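Q: I am new to this structure and would love a close look at the open and enclosed spaces inside it. Could you walk me through them, along with what lines them?

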Amino acid sequence: MWKIEDAIDLYSIERWGNGYFTFNKNGNLIVKPTRKDSQIIDLKSVVDQLVTKKIKFPVVFRFPQILETQIKSLNDAFSNAISEFKYNKIYQGLFPMKVNQRKEVIDEIVKSGKKFNMGLEVGTKGELLAALYFDLSPDALLLCNGFKDDEYLKLALNAIKLKNKVVIVIDEFSETKRLLELSKQLNVKPLIGIRAKLYSKGSGKWAESGGESAKFGLTTTEMLECIKVIAEYDMIPQLQMLHFHIGSQITEVRRIQKAVKEAARVYAKIRNKHINIKYFNIGGGLGVDYDGSKTSSDASANYTMQEYANNVVYSLKEVCDEENVDHPIIISESGRAISAYHSALFINVKGNKNANISRKVELSGHEPNIIRELYDGLNEINIKNYIEYYHDALEHREELLALFNLGEIEIDDKSKGEILFWQTCEKAASFARETQNKSEDFDDLNKLLSKKYIGNFSIFQSIPDFWAIKQLFPVVPVSRANEKPTAYGTIVDITCDSDGEIDRFVDLKDVKEILELHELNNGSYYLAVLLLGAYQDTIGDYHNLFGTANEVHIIVDDKGDWHLKQLVKGDRNCDVLRVVKYDIEALFESFEAEIKHEINENRLSNEEAVDILKNYKDVMNRYTYLDI
Ligand SMILES: *Cc1c(COP(=O)(O)O)cnc(C)c1O
């Protein structure tokens, strides 16, 4: 008997769900945005309501309360560590806008972060312009990273005149003089940070962001040089932050520890030169356990948020105490960990396909021998002989192809032979499952027999990191988890690109190439791709002219009732055509002119013309995805 616990186990949902996601006993995917059992959203019922409201899929679901819960968890983790290790100063977070610049997302982060004096980190002029819109608490920092031209520096310096607590981090040595000159010209005193290039590197996919060959940061010599220049401008009291960032998604906690220790030593030695660095900024890198394995594999992290905070606080304190310098305020720029959980893509499945055909093959008696052999094989295969019969079938298929290529077999017989072959494979695979045969042969067979579920979405728009860097994201059915999934599948998107396929899935031990899914029945089938809230929103592109998806924000109130708070319409065809610089009016005009011409030549009736024009305009103004 299949139980809901079996589904929870199969999809590892409670391992990567972080207290937010699981299945209920009806087999529906649920979310607890506050992690409270009294505030549960049944996501299948949300899907049903969207269908009633005629909101087209795919739909991005956002759970703003998850952002709030993550911000609170991170601040709690640091305050626990600070009291446990008797650290003398506080922790203050920054949200790096690079990770998700969406206005609704930053709105929520700023609102929830206010009581923790959480600030924003920007890396470009665009992000800075956006950040200046938000109302941060007076102690919150607005931190400027990235390569900076004079225009960027000037915008940041002017922001100080408007009472923002701006820190300008020197990421590259040549910025030093320009920053100081401009400050003098504008008569403002910025808080200055320097970004150190450490020897310590991260681990995982982004390891190269740290270490000697990192793109950003100052070497020891450059740092000393930089301090000298700052002193020449009499600005040493303004030098208040030491910053480093060794890459995102650091999978091993000891890498974090090592980097903190190295940077703490730099901090202490600079402090010993009577430069009162106040903030110690450890950058990003706090990992998200996408596969739930809590290991150092690329899709995971071998530590919890609390262990991260403990390691940072403990290592930093140890070095400071040893060097006899004051403890600095700890700053982190954790973007992925705060935002990853808050959004998911819900996809409707259009159908599925594989090579197998369920039609029964009847023999006329005139078929070539090889067909007869495949036919007998299919009828005689059983649990005792299936390994041998499966191998025979493989050989027979080879022979069938060879004979066809020699012109000795008609195309109708080739078709019969192929159907018989795939049906034999199905049977062999089911016997292998029954006998729990784990040999490689049958793993490959399962892959061969797996179905391609056609999902109404674009990987390039909605899950770009899956395509670009093979990052894993959990995928689960939205309902029917109380039924045993009896099919294996991969999920293909609707772009015309063969790369548009999800064919790697989270697994505790390894990576699965096929996912256990349900056979499609007459009802619709929905899948959710989760943990998409970090980086995916703006890295996505317009491949094949699929635009942004419709979006809903869902919150749960104190009574446990859920509400759709906001609905953001996805792109229409006219929107994406504008992105690639088409003038929509001109498109209409040219189409209309063609129709007029056909009418004038008496090749089109007025009625037909009206219909054609209406169809054109309708499609132009509709959603870019399949209307299914
Ligand atoms: C990208 C980036 C971050 C965010 O890193 P996460 O791993 O997403 O937390 C923080 N700081 C800097 C300087 C970055 O470039």
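A: A helpful convention to start with: Ala, Val, Leu, Ile, Met, Phe, Trp, Tyr, Cys and Pro are counted as nonpolar, Asp, Glu, Lys and Arg as charged, and the others, Gly among them, as polar. Please also keep in mind that this is a predicted model.

Let's begin with the enclosed spaces. There are four cavities of 30 Å³ or more, and the largest cavity has a volume of about 190 Å³. Its lining is made of 14 residues, and Val60, Gln461, Ser462, Gln536 and Asp537 are the closest to its centre. Two or more lining residues come from each of β4 (59-62), β13 (343-353), α17 (459-462) and α19 (536-539). The largest share belongs to β13, with three residues. Sorted by class, the lining of the largest cavity holds five nonpolar, five polar and four charged residues.

Now for the open spaces. The largest pocket has a volume of about 1400 Å³. Among the 31 residues lining this pocket, Leu10, Lys438, Asp443, Tyr488 and Glu516 lie nearest its centre. At least two lining residues are supplied by each of α1 (4-10), α15 (411-434), α16 (440-449), β16 (487-492) and β19 (511-512). Here α16 gives the largest share, five residues. The lining of the largest pocket includes 15 charged residues, next to 11 nonpolar and five polar ones.

The second largest pocket has about 720 Å³ of space. It is lined by 33 residues, with Lys98, Arg195, Phe216, His245 and Tyr535 closest to its centre. By class, 13 of the lining residues of the second largest pocket are polar, 10 are nonpolar and 10 are charged.

And where does the ligand go? The ligand takes up the space of the second largest pocket. Around the ligand there are 17 residues, and those that come nearest are Lys98, Ser248, Glu333, Gly335 and Tyr535. This shell is made up of nine polar, five charged and three nonpolar residues.

You can look for three polar side chains reaching towards the ligand in the view. Lys98 has a polar side-chain atom 2.7 Å from an oxygen atom of the ligand. For Ser248, a polar side-chain atom lies 2.5 Å from a ligand oxygen atom, and for Tyr535 the corresponding value is 2.6 Å. The protein covers 93% of the 390 Å² of accessible area that the ligand has on its own.

Note on methods. Residues are numbered from 1 along each chain as its sequence is written. This is a predicted model: local features need pLDDT of at least 70, side-chain atom pairs count only at pLDDT 80 or more; totals for chains, interfaces and linings use all residues. Side-chain values use heavy atoms; hydrogens and water are left out. A residue is near a molecule or strand if one of its heavy atoms lies within 4 Å of it. A polar contact is a pair of N or O atoms within 3.5 Å; within protein, one must be able to donate a hydrogen and the other to accept it, and residues adjacent in sequence count only if both atoms are side-chain atoms. Accessible areas come from the Shrake-Rupley method with a 1.4 Å probe; for residues, only the protein chains shown count as cover. On a 1 Å grid over the protein atoms alone, a cavity is a set of points where a 1.4 Å probe fits but cannot get out, and a pocket is an open set with protein on both sides within 12 Å along at least five of seven lines; lining residues have an atom within 4 Å of a point. A molecule sits in a cavity or pocket if more than half of its atoms lie within 2 Å of its grid points. Grid points are joined across faces, edges and corners, and a volume is the space filled by probe spheres set on the points. Helices (H or I, at least four residues) and strands (E, at least two) are DSSP runs, numbered from the N terminus.
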